[in-house]
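Q: Hi, I've got a new model open and would like to talk it through. Could you walk me around the parts that stand out?
A: Happy to, let's take a look.

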Amino acid sequence: MKFNKIYTLGLSLLLGSTLSLSAQKEDKNIYNMERLKADNPWISSYNAAGLTFNRFSDFSLAEIGFQYDKGDFRNVIDPTSAFGTKILAESYRKIDKVYFYGKFAFDYIHRQNKSWSSVLDPYATPFFLADSVPGRQTLESYILDAGVGTTFGEHWAVGGYVHYQVASNSKKKDVRNTNTYMEFEIYPGVMYKSKYFNLGANFLYQRSTEKVTNKLFGEGINHEVFYFEGMWFYTSVTTTNNYSEDRNYTTNIYGGAAQVELATGKVRFLNQFTGKKADQTIWINHVQGQRGGQMERTTYSYNGHLDIDGDKFHHVIKGEAHFNETQGFENMQKSEIVDGYTTWTQYGKKNKNTQDATTYDVSYTLYRDRAMLDNSWNASAGVKGFNVKNTYRLYPVEYSQKWENTEVYAAFNKNFQFKKGMFDCGIGLAYTAGDGTMLKVKSVSDEITGEDLYKQRTDLLQREFDYITADKFTGQLKARYTYFLNKEKGMNLYADAHATWKRALSGSFKDDDRTAVKIMLGFSF
């Protein structure tokens, strides 16, 4: 897959943003992206008209990073270890009354001994091909994001976000899967501003496609290829020397979001309400019209952000909740010959599986400010979790399971400033409690018990359940040194390091752990 044009465009965005560097009245040396995004909650909303609330005129950065993670505490689909590199360029800029945002990201990841999924994200669809042979998989992805917002008149602002991502993935061992992925999103929005209230609304459209090709290159060894359709129920085939099989996933998402912000002096309270509807079709043979399943998902979300800006302390309270209902359908179809050509006629669809999921996150952060967007320390605490019910139906039997997860977390970060630079360090701790029901079987007929009627990988079901519902402890340490390269122009060089350690405290994973290390080198201006 060729990404030369995207790579060139990303570099041009980065290089172009350096052409208008000039001395700023703002002390950009103390800026960082995390603090700037926390200062303007509209940046995290779907409405790019909110860029007009930025209290800074421009800030840009370019980074190169390396990451590595390894450990036995991993899900069914996770690799034993992974090593990757990342290049990132991100920028905010104001020109007259127009506010711009741009981002370019490139990721290259080697994942060792990965198996049991041929799609990039098996939790984005209930239907996917897989095999049990672990092998190295290489994932390469490019992301381009752009946003613009502007005001006109005293009360109105408009804006729009565009997101574009392409990715390719390949497995280096039979049975080999190759993936070609594309994602496009666009969010046009409008806002009305008044003395005490700001009202916004925007349209959401998202489209993604993924082509998966499974092939056998070697000879003399037969492999079992599984087609999973929820809760690790499956059908399977045994490969031959000429085995090749495709799946094409097409997903369209339509929706909208509304924002209501109360702004009174130093208090701002932004609320965003979102609704989205997703439709996914899995094609076995698009030309002949043969389908391999359909998925429908309805999502309702709430995001709240309360800011209280004091003389010395800045308070931020955030809360979010997401409600998802996902249904997977088996296509009722038949192969026919029409005018000498094979075609598949659709007679309907049958609901095969359902997932009802609720996720939430509530947190409080306190910033000890020296000046605007400059804090000497910050501390945060919060609680987040999810509740998921999965159901798989094959009349007259219904199988179900539940996942429950609650995490309590806290973090503290300290900033030290010197004449020629500054040093940041931080610690984060989290405890997670999990619970649930691995498998419950119910029959709607007294004549059939439902036991042993359908093939299911209960070993994978058990491992996934144990991973998701395990009690665990997570610790994180991070450090960053920033060198003031040119204080007048706000130009910095910095090095950033993160280390995260996670350990299971219960279940079959008890005492297993996983460690992740990330190092970044950057230039901000």
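Q: Which residues touch the most other members in the largest nonpolar core?
A: This is a predicted model, and in it the largest nonpolar core has 28 residues. Trp-116, Phe-128, Phe-228 and Trp-232 are the ones that touch the most other members.

Q: Which elements give two or more residues to this core?
A: Those are β4, β9, β16, β17 and α3. The largest share comes from β9, with 4 residues.

Q: And is there a second core somewhere? What does it include?
A: A separate core of 23 residues includes Leu-61, Tyr-99, Leu-204 and Met-422.

Q: Back to Trp-232. What is it in contact with, leaving aside neighbours within four places in sequence?
A: Its contacts include Trp-116 and Phe-128, which are also among the residues that touch the most other core members. Trp-232 further contacts Val-76 and Ile-77, then Lys-455, Gln-456 and Arg-457, and finally Leu-460, Leu-461 and Glu-464.

Q: Leu-460, Leu-461 and Glu-464, are those buried or exposed?
A: They are buried residues of α3, along with Phe-465, Asp-466, Ile-468 and Thr-469.

Q: What covers the buried residues of α3?
A: The cover includes β9 (224–228) and β16 (374–394), together with β17 (397–417), β18 (421–443) and β19 (472–486).

Q: How far apart are the end C-alpha atoms of that helix?
A: They are 16 Å apart. Helix α3 has 12 residues (458–469), and at 1.5 Å a residue it should span 16 Å, so the two values agree.

Q: Okay, on to β9. What order do the strands have in its open sheet?
A: The order is β4-β9-β10, three strands with antiparallel pairing. β4 (128–131) and β10 (234–238) are the edge strands, each pairing on one side only. On average, neighbouring strands of this sheet are turned by 30 degrees against each other, direction ignored.

Q: How many bridges join β9 to β10?
A: There are 5 bridges between those antiparallel strands. As one example of who faces whom, Tyr-227 stands opposite Thr-235 in β10.

Q: Trp-116 keeps turning up. Where is it found, and is it buried or exposed?
A: Trp-116 is in the loop between β3 and β4. It counts as buried because its relative accessible area is 8%, and the cut-off for buried is under 20%.

Q: What about its phi?
A: Phi of Trp-116 is near 65 degrees, a positive value in a residue that is not glycine. Most residues other than glycine have a negative phi. Asn-113 also has a positive phi, of about 55 degrees.

Q: Where does Asn-113 sit, and how is its accessibility classed?
A: Asn-113 is in strand β3 (residues 98–114). Its relative accessibility is 35%, so it counts as partly exposed.

Q: Now the backbone. Which peptide bond is cis around Val-175?
A: The bond from Asp-174 to Val-175 is cis, with omega near -5 degrees. Val-175 is found in the loop between β6 (156–171) and β7 (176–193).

Q: How many residues are in the hairpin connection there?
A: The hairpin joins β6 to β7 through 4 residues. The two strands pair in the antiparallel sense over 15 bridges, and the partner of His-163 in β7 is Glu-185.

Q: And what does β7 form with β8?
A: β7 and β8 form a hairpin with 3 residues between them. Their antiparallel pairing runs over 16 bridges, with β8 covering residues 197–215. Ile-186 has Tyr-205 as its bridge partner in β8.

Q: Changing topic: how far apart are Lys-70 and Asp-513?
A: They are 443 residues apart in sequence, and their C-alpha atoms are 8.7 Å apart in space. Lys-70 lies in β1 (residues 58–71), and 11 bridges join β1 to the antiparallel strand β21 (residues 513–524). Leu-61 has Ser-524 as its bridge partner in β21.

Q: What does Lys-70 touch, not counting residues up to four places away?
A: Lys-70 touches Thr-80, Ser-81, Arg-514 and Thr-515.

Q: Which other strand pairs with β21?
A: β20 (residues 491–504) pairs with β21 in the antiparallel sense over 12 bridges. Thr-500 has Ala-516 as its partner in β21.

Q: Last one: what pLDDT does the chain average?
A: The average is 90, and 93% of the residues score at least 70. Over residues 1–25 the pLDDT is below 50, and this stretch has 35 contacts in the model beyond near neighbours in sequence.

Notes
Residues are numbered from 1 along each chain as its sequence is written. This is a predicted model: local features need pLDDT of at least 70, side-chain atom pairs count only at pLDDT 80 or more; totals for chains, interfaces and linings use all residues. Side-chain values use heavy atoms; hydrogens and water are left out. pLDDT is the predictor's confidence in each residue, from 0 to 100. Contact means heavy atoms within 4.5 Å. The expected span of a helix is 1.5 Å times one less than its number of residues. Buried means under 20% relative accessible area, exposed over 50%, partly exposed in between (1.4 Å probe, protein chains only). Two strands pair if DSSP finds at least two bridges between them. Axes are lines fitted to C-alpha atoms, for helices over the stretch in contact, and angles run from 0 to 180 degrees between N-to-C directions. A nonpolar core is a set of buried Ala, Val, Leu, Ile, Met, Phe, Trp, Tyr and Cys residues joined through side-chain atoms within 4.5 Å.
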